[in-house]
Amino acid sequence: MQIVLSPAKLMDFDGADDSVKAIDPLFTDKTAELVAVCREMSVDEIAASMNINPQMAHDVFGYFQTFDLPVAPRRAAALAYNGIAYKGLNAHDFSADDFTFAQQHLNILSGLYGIIRPMDAIRPYRLEFQRKIVPEGYKSLYDFWGDTLNAYLASKLAHDERVIINVASQEYGKVVRKNKLPQGTRIIDIRFLQHETNGFRQVVVHAKKARGLMARFIIKNRLTKHQDVQAFDSEGYFFYPDLSKEDEWVFVR
């Protein structure tokens, strides 16, 4: 069983006290191709293409211009990403054994890196999957990463239960293609809802945190069988069969 999770836009590279030794990511050559494309963009082009303000575009421009320098910050991804889902994941209290399990089962989908494992080193960057910033000959980042990313997941599933627990956002999750994975692979999409007086609804901020909590639950409990994921009960959530489908599981609180 493998987990896929989105990255975060917010990052924290103040990791002087990290005990985790970060390692090289999987697809450094393909990342270098994308960095080369991004380096050719002006601040104004970055602002327009990424739909961000000029100050942020200036920062992103700097990230790519200094990406390969030895002084550029570098940190294990699970500790560097600092968005809401990663508050739920809370890898800062992982043991060495937790990180070992996470490295084998948690796949963070990234527009720049393709797949990042928790202990893989990342540098400051910004490049969402939906942005059409790609080397010549590719239509999109989904096109650029599709074969590479799915081939990697296929290799993992060949020696594992053929199930992917998808706690990624729709933007990121759709890069995972069942037709490129081993025959019989199941992709189980996870949804998190809030029970209120007038019914059920998704509260985005709570759903984002729950995605990280779900990944943490699997890692901390060393789950390798998809049925066991239904026992997820962090922060009051529970599996809700009546709202669930075979490959779409709903958890409510």
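**Exercise 1. In this predicted model, find which residue is the bridge partner of L193 in β10, then work out how β7 and β10 run.**

Step 1. Start at L193 and look across to β10: the partner there is V252.

Step 2. Try another spot. D189 stands opposite E248 in β10.

Step 3. Now put the strands together. β10 covers residues 248-252, and five bridges join it to β7 in a parallel arrangement.

**Exercise 2. Which other strands pair with β7, and in what sense?**

Step 1. Take β6, residues 163-166. Four bridges connect it with β7 (residues 186-196), and the sense is parallel. You can spot I165 opposite I188 in β7.

Step 2. Next comes β8, residues 199-201, which pairs with β7 in the antiparallel sense over three bridges. Here E196 has G199 in β8 as its bridge partner.

Step 3. Check what sits between β7 and β8: just two residues, and the two strands form a hairpin.

**Exercise 3. Explain why β10 counts as largely enclosed by the rest of the structure.**

Step 1. A residue is buried when its relative accessible area is under 20%.

Step 2. Apply that to β10: four of its five residues are buried, so the strand is largely enclosed by the rest of the structure.

Step 3. Look at its link to β9 (residues 238-239) too. Two bridges join β9 and β10, which run antiparallel, and F239 has F251 as its partner in β10.

**Exercise 4. Describe the aromatic pair formed by F232 and F251, after a warm-up with F94 and F99.**

Step 1. Warm up first. F94 and F99 make an edge-to-face pair, 5.3 Å centre to centre with 70° between the planes. F94 is buried at 9% relative accessible area, and F99 counts as buried at 6%.

Step 2. Now the main pair. F232 and F251 are also edge-to-face, at 5.6 Å centre to centre and 85° between the planes.

Step 3. Where are they in the chain? F232 lies in the loop between α9 and β9, while F251 is in β10, so the pair links distant parts of the chain, 19 residues apart. Both F232 and F251 are buried.

Step 4. Widen the view: F232 and F251 belong to one aromatic cluster, with F192, F217, Y237, F239 and W249.

**Exercise 5. Which residues have the most contacts inside the largest nonpolar core?**

Step 1. This core has 86 residues, and the answer is L109 and V176. Helix α7 (residues 141-157) gives the most to the core, with nine residues.

Step 2. Zoom in on V176. Among the residues it touches are V4, L109, L149 and I187.

Technical notes: Residues are numbered from 1 along each chain as its sequence is written. This is a predicted model: local features need pLDDT of at least 70, side-chain atom pairs count only at pLDDT 80 or more; totals for chains, interfaces and linings use all residues. Side-chain values use heavy atoms; hydrogens and water are left out. Two strands pair if DSSP finds at least two bridges between them. Buried means under 20% relative accessible area, exposed over 50%, partly exposed in between (1.4 Å probe, protein chains only). A nonpolar core is a set of buried Ala, Val, Leu, Ile, Met, Phe, Trp, Tyr and Cys residues joined through side-chain atoms within 4.5 Å. Contact means heavy atoms within 4.5 Å. Rings of Phe, Tyr and Trp (its six-membered ring) pair if their centres lie within 6.5 Å; planes under 30 degrees apart count as stacked, over 60 as edge-to-face and the rest as tilted. Lists of a residue's contacts leave out its neighbours within four places in sequence.
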